[in-house]
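Grab a pencil and work through these exercises with the model open beside you. Try each task before reading its solution.

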Amino acid sequence: MPSRPRDETIVLGIESTAHTFGVGIVSDNPPYILADVRRKWEPRSGGILPREVAEYFSKVAGEAVEEALGSAGLSIKEISAIAVSLGPGMGPALRVGATVARALALKHGKPLVPVNHAVAHIEVARWSTGLRDPVALYVAGGNTTVVSFVDRRYRVFGETLDIALGNLLDTFAREAGIAPPYIVSGQHAVDVCAEGGEFIEGIPYVVKGQDVSFSGILTASLKLLKRGARLRDVCYTLREVAFSSVVEVTERCVAHTGKKQVTLTGGVAANKLLNSKMEAMASLQDAVYKPVDVRLSGDNGVMIAVTGLAAFRSGVTVEPEKAFIRQKWRIDEVDIPWYPWMPGLG
Ligand code: FE2
């Protein structure tokens with residue numbers, strides 16, 4: 001194995017906010033990603049059960065850290081810092097990641113770097129696309145937010161008033177009996193069922209100021225199905241309405257900020273139709289559009305390590321005994337002193 005450069009910084013990142021326990025190892029020198037280990041908790045039915053998730057994470061955490069170090073060909077001694085996602089997310093799940101990270105930092109005398117999970121979704125999009133200063137649409141199972149950097153922080157330019165976009169798609173699929181709603185090659189179960197569908201009346205398009213709302217779409221879609229509407233038409237319309245509303249608020253943010261770069265990140269960023277709508281919008285605004293690398297769209301440890309690396313290089317650390325989890329830690333509460341710099345982008 002070639003020897004590593006002497007001034008290299010290597011960060012091990014731990015993700016445990018929701019269903020995935022992820023361990024990523026990232027360097028500021030090529031090939032950058034040294035390990036990406038994920039252990040995903042799968043529900044037997046229905047939604048996420050925080051206690052069960054935490055129990056599962058506790059079982060797999062040790063082996064996931066070992067496997068990451070093994071696949072990177074590194075010993076813990078060669079790691080410069082440990083980064084950990086401290087929120088937002090589910091308390092029991094977050095606690096497992098925080099405990100493991102604190103223990104590693106204390107036992108091996110490594111600096112500990114606190115990372116906000118939402119910031120990490122944006123940073124890994126900047127890192128993987130090379131876009132330095134984008135407007136970002138962050139869409140996932142638990143999040144729907146339009147953000148852009150203004151004056152030290154990511155500011156929220158619009159968000160959902162109720163459920164998240166990913167939650168809308170997953171819950172509809174489950175209730176309509178077309179689950180499992182997993183995305184396969186850029187298509188959600190709702191996308192597959194929308195093929196050949198046509199637009200129908202009855203699903204509300206809700207944009208209030210810069211915010212969107214999906215719970216009315218969910219209720220109306222399920223009602224239409226019960227009344228005998230064709231599944232493909234309901235899927236087609238639900239998607240059109242929901243995607244158009246998030247693209248509309250993103251477009252207004254682009255116009256308002258005058259930024260010329262647009263990105264899409266989070267678990268729903270793998271969706272092909274949403275990507276094509278975002279691309280069309282960006283070109284109307286004369287902006288460059290690039291979505292996050294699809295392999296890094298869902299929750300993973302690499303995004304925590306990348307963000308941790310940037311934060312660590314700009315001096316952000318926390319004492320292990322003060323590294324508390326924050327279930328409702330908002331993206332606009334976090335200073336980003338390294339912005340617009342990103343490790344690996346020069
Ligand atoms: Fe996430």
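**Exercise 1. The metal site**

Which residues coordinate the iron ion, and through which atoms?

*Solution.* Keep in mind that you're looking at a predicted model.

- Step 1: Find the donors. The iron ion is held by His117 and His121, each through NE2, and by Asp299 through OD, at 2.1 to 2.2 Å.
- Step 2: Write out their spacing. Along the chain, the donors of the iron ion follow H-x3-H-x177-D.
- Step 3: Place two of them. Histidine 117 sits in helix α3 (residues 117–129), while aspartate 299 is in the loop between β12 (288–289) and α9 (301–313), so this pair ties together parts that are 182 residues apart in sequence.
- Step 4: Check the surroundings. Both histidine 117 and aspartate 299 are buried.

**Exercise 2. Two helices meeting**

At what angle do α3 and α9 pack, and how do you describe that arrangement?

*Solution.* First, a reminder: a pair of packed helices is described by the angle between their axes and the distance between those axes.

- Step 1: Read off the numbers. The angle between α3 and α9 is about 85°, and their axes are 8 Å apart.
- Step 2: Classify the angle. Anything from 65 to 115 degrees counts as roughly perpendicular, so α3 is roughly perpendicular to α9.
- Step 3: List who makes the contact. From α3 come His117, Val119, Ala120, His121, Glu123, Val124 and Trp127, and from α9 come Val302, Met303, Ile304, Val306 and Thr307.
- Step 4: Sort by class. The contact of α3 with α9 has eight nonpolar, three polar and one charged residues.

**Exercise 3. Rings around a tyrosine**

How are the rings of phenylalanine 149 and tyrosine 339 arranged, stacked or edge-to-face? Then do the same for tyrosine 154 and tyrosine 339.

*Solution.* The model has six aromatic pairs, and here we take two of them.

- Step 1: For phenylalanine 149 and tyrosine 339, the ring centres are 3.7 Å apart with planes at 10°, so the pair is stacked.
- Step 2: Phenylalanine 149 belongs to strand β7 (residues 144–150) and tyrosine 339 to the segment after α9, so the pair ties together parts that are 190 residues apart in sequence.
- Step 3: Check burial against the cut-off of under 20%. Phenylalanine 149 has a relative accessible area of 15%, so it is buried. Tyrosine 339 is buried too, at 12%.
- Step 4: Now for tyrosine 154 and tyrosine 339: the centres are 5.7 Å apart and the planes are at 90°, so this pair is edge-to-face.
- Step 5: Tyrosine 154 lies in strand β8 (residues 153–159) and tyrosine 339 in the segment after α9, so the pair ties together parts that are 185 residues apart in sequence.

Elsewhere, ring pairs link Phe21, Tyr56 and Phe57 into a cluster.

**Exercise 4. Two strand residues**

Is leucine 12 buried or exposed, and what does it touch? Then look at the contacts of arginine 38.

*Solution.*

- Step 1: Leucine 12 is in strand β1 (residues 10–15), and with a relative accessible area of 0% it is buried.
- Step 2: Not counting residues up to four places away in sequence, leucine 12 touches several residues, including Val23, Ile25, Leu69, Leu104 and Ala305.
- Step 3: Arginine 38 is in strand β3 (residues 33–40). Its relative accessibility is 32%, so it counts as partly exposed.
- Step 4: Leaving aside neighbours within four places in sequence, arginine 38 has contacts that include Phe21, Gly22 and Asp299. That last residue is also a donor to the iron ion.
- Step 5: The C-alpha atoms of arginine 38 and glycine 22 are separated by 4.4 Å, though these residues are 16 apart along the chain.

Methods
Residues are numbered from 1 along each chain as its sequence is written. This is a predicted model: local features need pLDDT of at least 70, side-chain atom pairs count only at pLDDT 80 or more; totals for chains, interfaces and linings use all residues. Side-chain values use heavy atoms; hydrogens and water are left out. Donors are N, O and S atoms within 2.8 Å of the metal (3.2 Å for Na, K and Ca); water is not among the atoms, so sites may look incomplete. Helices (H or I, at least four residues) and strands (E, at least two) are DSSP runs, numbered from the N terminus. Buried means under 20% relative accessible area, exposed over 50%, partly exposed in between (1.4 Å probe, protein chains only). Rings of Phe, Tyr and Trp (its six-membered ring) pair if their centres lie within 6.5 Å; planes under 30 degrees apart count as stacked, over 60 as edge-to-face and the rest as tilted. Axes are lines fitted to C-alpha atoms, for helices over the stretch in contact, and angles run from 0 to 180 degrees between N-to-C directions. Angles under 35 degrees count as roughly parallel, over 145 as roughly antiparallel, 65 to 115 as roughly perpendicular and the rest as oblique. Contact means heavy atoms within 4.5 Å. Ala, Val, Leu, Ile, Met, Phe, Trp, Tyr, Cys and Pro count as nonpolar, Asp, Glu, Lys and Arg as charged, and the others, Gly among them, as polar.
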